[in-house]
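Reader: I should like a close look at one part of this structure, the open sheet of chain B and the helix that packs on it. Please set that part in the context of the chain as a whole.

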Amino acid sequence: MTTLDPQVLQGILELLEEAQGDWEYEGEIGPETRFVADLGLESLEIVVLSTMVQQRYGRLPFPQFFEEIGQRPEDERDLSVAELTAFVCEHRQPSGQPSGVEA
Amino acid sequence: MAPTVLIGLDGATFTVLDPYMRAGVMPNLAALDARGTRAVLRSIMPPLTPPAWTSLVTGKHPGQHGIFDFFQKEEPGSVYFSFATSQQVGTSTIWTLASEQGRRVISLNFPLTFPPPPVEGAIVPGGMMPWRQLRLGTHPPGLFERLQELPGFKPREMLDMELEIKAIDGCPEDELAEFVELHIRREQRWAEVLGYLMENEPAELTAIMFDGVDKLQHLCWRFIDPAFRPAQPSDWERQMIELCERYFNSLDALIGAIVEAAGEDATVVFASDHGFGPTQDVFHVNSWLERNGYLFWADGQRRDEREGRADTDVGFAEMTRHVHALDWSRTVAYAATPSSQGIHLVDRTPGSEEPLPAEVRAKLTAEIAAKLREVRRPHDDAQLIEEVWTREQAFSGPFEALGPDLSLVLADGGTMSILPSETVVARRPEARGHHRWEGVFLALGPGIRAGAQVQELSIVDVAPLLLHRVGLPAPEDMAGSVPEAIFEPGELERDPPRRAPASAPTLTSSPVAEAELDPEEQAAVMERLRALGYVE
C-alpha cells in the first residue's frame, strides 16, 4: 500500500485541471480518473504529461514505469491519477516528512 | 533594431524548391532568392528533426547539445529510452542567449522547446507536442488565452501526433489528399499566430518553423519531384500533383506575407534542418543483427511483432519496446528506434551485471561495422550501407555516451526498420522521400549579398549568424561561425562578429565511469562472453 502525499495529489490534479479546458472531458478529475479510459489520452500524450510532472517534482524513472505498464494485459494498460501520484511519491527526491493518506 | 526573422522549412531541399520557383508555384520565394545569398546547408549526423533543429538553434553538434533522436537513452548504460524534450537540451539556444541579453524572442513550432524556457518573449512549441497539452507548453502564461481569441487558432490542426506517425510509417492512399489539405491549413494556422505576435508583441529575433514540407516529401515524393512524377498520370495522380503544388503555393504566400510584415530593413534567414531525396530501400537492422548472432528476441516477440505488417514498415510506433522485446541474457547490439539510424551496444555483459569490457566493446563495434559494409541489396547486388560512423566520430562531446555506438548511412538514403522480418533488405515498390544531408539556406537583408550563391554552409553556422544579426556575440564553444561569404564587401569590417566566453554545459546526466574489475571478475566476464560467442 502506497502513501499518497496530498500535496503531490493536489499538484497533479492542478496540472490536469489546467489542461482540461482543452480536452473533451467534462467530468470531475479525481484520484480514480484514468488517463486513457476516462480522459482519452494517447500514450504519447501521457509521456509528454510526464515531462510536466518532472518539471514540478524532478527527474523520475518514467521510462521504466511506462515499460511496466506496457507489459500489462491490454485491458489494464492504463494509469489512474492515484497511481501516478503514488509513483511520484515513491520516486521523487525526499524533501521532508510529508503527512499522507493511504491509497 | 530591425528584426531578424528565421523561417524554418523542415526538410526543404533545393531539388524541390527550385523547380517550384521556376514554374511560378513559389513566386515570393523566387523573388527573395534573387535578393539574397543562398547555399546548401549541411546537416548533422543523424539528419533528423530533433537533433538537427537543435543543432541549428544551438550552433552545436548532438554530442555537444545532447539531443540524438525522438526517444533516446535516458542515461549512459541504460537500455531505457525517454522522450526527448527541452529538459535534455544541455546547452543554450538562440532563444535563451538572446533573451538573457535583453532581446525579445518569438519561437513558433520548433521541436524541443517543450517545456518552454522562461524567455523574454513568446514560445509556442512544436514537434511531437500533443495539441491537448499546448496550453501547458505555451509561454508566457496568458498567451494561450490571447491566441484563443484568433479566429484561426485551432491547436488540433496545428499539432496532430497522428500526422507525425503517418509521415514515417505510411498513410493509406485514400487519405493522402486530406493529409496534404490538412497541412495547407496547418501552416496557415501557425502563420496567423505569427502575424498576431509580430503585430502585437514584436521581437528582435522571430522564428517560425513550417513542417509540412517534410511531411509531404515523405509521403508524396512521387508527386513533388519532377523526376519521379508519372509520365501519364491518372486522374488521382494529377489531383495529387496539383494538391502538392497548392501546398507549396500556399506556403509561398505565407512566406511573402511574413517577409513583408518584417519590413524592408529586416534580416530574413531561411533554413532547413536537413534535405530530402528519394529512397526505396528498407534495412531490417534488428533482423540483420539477429542473423549475425548479436541480437536475440525474447520468447514470442519475434512472431508477435511481425503479424499483419508489411515488410517495409519501419516500426515507428514500436519505438522503445526493445526493453521487453529482446533477450538481454544474450543480446549485445540492438536498434531501439528507426529514426536515428543507430545501433546501440549494451553496456553490461549479457546475463550479468558486469560492465562490457572496453576491448570487447571496441572489437564488437569494429566487427559489426565491417559486416554492415558488406551487406548487399538483393535487387542489384550493390552495397546497401554507404557509411558507418562510430560514436566517437559522430558524437564527440559531453553527451557522446548517450548516442548510438554506430550510425548508418544507407546508399539510397533509405530507412531502417526495427521490426523483426523474414527479409533483411526490403524494397518499396515506389519511391518515398527521406532525409538527406543537404538542406537549404537563404539569407537576405542589409549588408547581405543579393543574387549570390556561396559554398556549402554547416547547419551550426546559422545560430552564430542569427545572434550576430541581433547584435550579440556567439559563445566560444559554438561549433559554427558567422558565414562571412554571404556579406557584401566591407560589411563585417563595420560590424565584426564577436565571441563570448562559453557557459558550462547543463549536463542532465554524467557519463558512466569505466568500471574497474578485479582479475577474478574479469575472467568471469570473459568466460561469459566466450560462452555467448562474442570473444574467442
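Author: The account below begins with the sheet and then turns to the rest of the chain.

The model is predicted, so local features need pLDDT of at least 70, side-chain atom pairs count only at pLDDT 80 or more, and totals for chains, interfaces and linings use all residues. Residues are numbered from 1 along each chain as its sequence is written, while chains are lettered from A and ligands numbered from 1 in the order in which they are written.

The open sheet has four strands in the order 10-11-13-12 (chain B), with antiparallel pairing. Strands (E, at least two residues) and helices (H or I, at least four) are DSSP runs, numbered from the N terminus, and two strands pair if DSSP finds at least two bridges between them. Strand 10 (333–334) and strand 12 (385–390) of chain B are the edge strands, each pairing on one side only. Strand 10 of chain B runs antiparallel to strand 11 (residues 342–345) of chain B, and two bridges join them. In strand 11 of chain B, His344(B) is the bridge partner of Tyr334(B).

Helix 16 (residues 358–373) of chain B packs on this sheet and touches strand 10, strand 11, strand 12 and strand 13 (406–410) of chain B. Contact requires that the C-beta atoms of two residues, placed from the backbone, lie within 7 Å. The direction of helix 16 of chain B makes about 170 degrees with that of strand 12 of chain B; angles run from 0 to 180 degrees between N-to-C directions, and axes are lines fitted to C-alpha atoms, for helices over the stretch in contact.

As for the wider setting, chain B comprises 20 helices and 20 strands. The radius of gyration of chain B, 24 Å, is close to the 24 Å that the globule rule gives for 536 residues, so chain B is as compact as a globular protein of that length. That radius is taken over C-alpha atoms, and the rule is 2.2 Å times the number of residues to the power 0.38. The C-alpha trace of chain B spans about 70 × 60 × 45 Å along its principal axes. Of the contacts in chain B with a separation of 6 or more, 74% are between residues 24 or more positions apart.

Chain B also touches chain A, in a contact that takes 20 residues from each of the two chains. Strand 4 (81–83), helix 6 (134–137) and helix 15 (322–325) of chain B each give two or more residues to that side of chain B. Strand 4 of chain B gives the most, with three residues.
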